[in-house]
Structures are given as C-alpha cells and as structure tokens.
Amino acid sequence: MSSESNVKLTIALSNPDLDAEEQERETRNFLREIKDLDVESAELVAVTDTPEGAKSVGGFLVGVLRTEVSLANFKKMLEFLRDRLGNKPIELEVEANGKKLKVKANSQQELTAIIEQAQKFVAGK
C-alpha cells in the first residue's frame, strides 16, 4: 500500500499528575498497545527540534508518539483513541492528502468532537 493512502497521526499525551519518567512509561505502554493494532508504523518521537516547553527523556519527546495507519484502519485507530484516552488531555495532529490538522481535547466530549473532525478532514469534507 502506498504511503499516500495512509494517515499519519502524531499523538501528544499530557498528564499533569505524572513526572517526566512516569509520563514516558505511560507513553511507552500506550505505544505497545498501538503496535498491537493493525498499523503501518508506530514510534516515539525523537528529539530533533524540541518545541518550546516540551520535555525530553532519553532522546525522545515526553508523551509524544507517531503512528501511520492505512485509510481502512483509520477509523479503528480513532475508536481505540476514544476508548483508551477518554478524559485525558491529548493533542492530535492528523496528516492526510498532503494537509495537516492539529486539534486538542481535554475531555471525553471534546475528544469525540475532534475525532469526528479528523474523520471529516481525512474524508476531504
């Protein structure tokens, strides 16, 4: 399958109750769960250009991972995010069709809204 028909997601998890090491451990556990899904790739985001205010541990941005899924599995990935991240703060960047969408959610209701927005974005609506 060509990468043009895939959707790239950058997921930034944020839990103010955790320190950097705990956040990294939570992110790595989440990454393992994503790898169990049918994804093209999934990895932690390496520190190359650290955004202002971002923390890094061991050469990776804390709480940030990137995954690539096929269009066919995009909805499945979004459902996984909704089920798994419920009321946790999240920033999601979706890249598809040569365009990017960056959205944030802090509650289950906001997450549901940004998931719908991401689906429309990928569908070109």
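What follows is a set of questions and replies on contacts and exposure in this predicted model.

Me: What makes the pairing of arginine 28 with glutamate 24 a salt bridge?

Reply: The N to O distance between the two side chains is 3.0 Å, and because the cut-off for a side-chain nitrogen of Lys or Arg and a carboxyl oxygen of Asp or Glu is within 4 Å, the pair qualifies. Both residues belong to helix α1, where they lie 4 residues apart, about one turn of the helix.

Me: Why is glutamate 24 called buried, and why is arginine 28 called partly exposed?

Reply: Glutamate 24 has a relative accessibility of 18%, and since buried means under 20%, the residue is classed as buried. Arginine 28 has a relative accessible area of 32%, which lies in between the limits of 20% and 50%, so the class is partly exposed.

Me: How do you know that glutamate 33 and arginine 84 form a salt bridge, and where do the two residues lie?

Reply: Their side chains meet at 2.6 Å, N to O, and the cut-off is within 4 Å, so the definition is satisfied. This pair links distant parts of the chain, with glutamate 33 in helix α1 and arginine 84 in helix α2, 51 residues apart. Glutamate 33, at 29%, is partly exposed, and arginine 84, at 25%, is partly exposed as well.

Me: Which residues of α1 and α2 meet, and how do the two helices cross?

Reply: Phe30, Glu33 and Ile34 in α1 meet Met77, Phe80, Leu81, Arg84 and Leu85 in α2. By class, this contact comprises 6 nonpolar, no polar and 2 charged residues. The axes of α1 (residues 20–35) and α2 (residues 71–85) come within 12 Å and cross at roughly 145°, and the crossing is right-handed.

Me: What makes the contact between glutamate 93 and lysine 100 a salt bridge, and is lysine 100 buried or exposed?

Reply: The closest N and O atoms of glutamate 93 and lysine 100 are 3.8 Å apart, and the cut-off is within 4 Å, so this pair is also accepted as a salt bridge. Lysine 100, with a relative accessibility of 56%, is called exposed because the term applies over 50%. By the same rule the count in the model comes to 4 salt bridges.

Me: Why is asparagine 97 called exposed, and what is its phi?

Reply: Its relative accessibility is 53%, and exposed means over 50%, so asparagine 97 falls in that class. Phi of asparagine 97 is near 55°, a positive value in a residue other than glycine, and the residue lies in the loop between β5 (90–96) and β6 (99–105).

Key. Residues numbered from 1 in each chain as written. Predicted model: local features only at pLDDT ≥ 70, side-chain atom pairs only at ≥ 80, totals over all residues. Heavy atoms only, no water. Axes fitted to C-alpha atoms, helices over the stretch in contact; angles between N-to-C directions. Left-handed = near helix turned anticlockwise from the far one by under 90°. Contact = heavy atoms within 4.5 Å. Nonpolar A, V, L, I, M, F, W, Y, C, P; charged D, E, K, R; others polar. Buried < 20%, exposed > 50% of the residue type's maximum accessible area, 1.4 Å probe, protein only.
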